[in-house]
Amino acid sequence: YAQTAAPDLSDPEVAHVAVTANSIDIDLARFAQPRTHNAEVRKFAGTMITDHSAVNQQAAALAGRLGVTPKDNAVSQSLLKGASEARAAITTLQGHAFDQGYIDREVAYHRAVLDALDGLLIPTTSNAELKKLLVDVLEYAADEEHAVELPWHPVGEIEILTPGRWEPAELGIRDRVSNLFW
């Protein structure tokens, strides 16, 4: 396929993408918590809420300190559209199917966002403090591991590992972001 050049984002646009990406994960985790009957999935969703809320709080504090207002852009809009589609895809699922759909989506989404941090957001950021925040998030996430025991899942136990780089073909949401990130 023909690759589209990565967008050249301004720092306010990068900040908006970062906040949007975190907010998407928070919203989906809040959606998942009351629907799952699996304690590990509920705990994982709680961790997503806590971790991503903390990053958004850091980003808001930094934006305030710098006097920067995050600016909406095509990347943020694409992420929101994908989030809406992902939520719609799991809304009607129940039980194990819901848990599997939610966890599988989280694995793919995290991989795509971390790849976007590494390949798009960090390289296009010019403000040193914003770049440091993005690098810190990437490094934290690269060291983070979650193991979610889902005995009925085809894999059994899903270890949600984020270190390293991924090939675009590995990502379940590749079609949604391919024109923006690769």
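**Exercise 1.** In this predicted model, find the salt bridge that Arg105 forms and say whether its two residues are buried or exposed.

*Solution.*
- Start with the partner: Arg105 pairs up with Glu106 in a salt bridge, and their closest N and O atoms sit 3.3 Å apart.
- Check that against the cut-off, which asks for a side-chain nitrogen of Lys or Arg within 4 Å of a carboxyl oxygen of Asp or Glu.
- Now look at accessibility. Buried means under 20% relative accessible area. Arg105 has 11%, so Arg105 is buried. Glu106 has 0%, so Glu106 is buried too.

**Exercise 2.** Which residue does Asp136 bridge to, and where do the two lie?

*Solution.*
- The partner is Lys132, with 2.7 Å between the closest N and O atoms.
- Both residues belong to helix α5, and they're 4 residues apart, which is about one turn of the helix.
- For accessibility, Lys132 comes out at 53% and counts as exposed, while Asp136, at 34%, counts as partly exposed.

**Exercise 3.** Which parts of the chain does the salt bridge between Arg65 and Glu129 tie together?

*Solution.*
- First, the contact: the side chains of Arg65 and Glu129 meet in a salt bridge at 3.1 Å, N to O.
- Next, place each one. Arg65 is in helix α2 (residues 39–66) and Glu129 is in helix α5 (residues 128–143), so this pair ties together parts 64 residues apart in sequence.
- Finally, accessibility: Arg65 is exposed at 57%, and Glu129 is partly exposed at 38%.

**Exercise 4.** How many salt bridges does a search of the whole structure find?

*Solution.* The search turns up 3.

Note on methods: Residues numbered from 1 in each chain as written. Predicted model: local features only at pLDDT ≥ 70, side-chain atom pairs only at ≥ 80, totals over all residues. Heavy atoms only, no water. Buried < 20%, exposed > 50% of the residue type's maximum accessible area, 1.4 Å probe, protein only.
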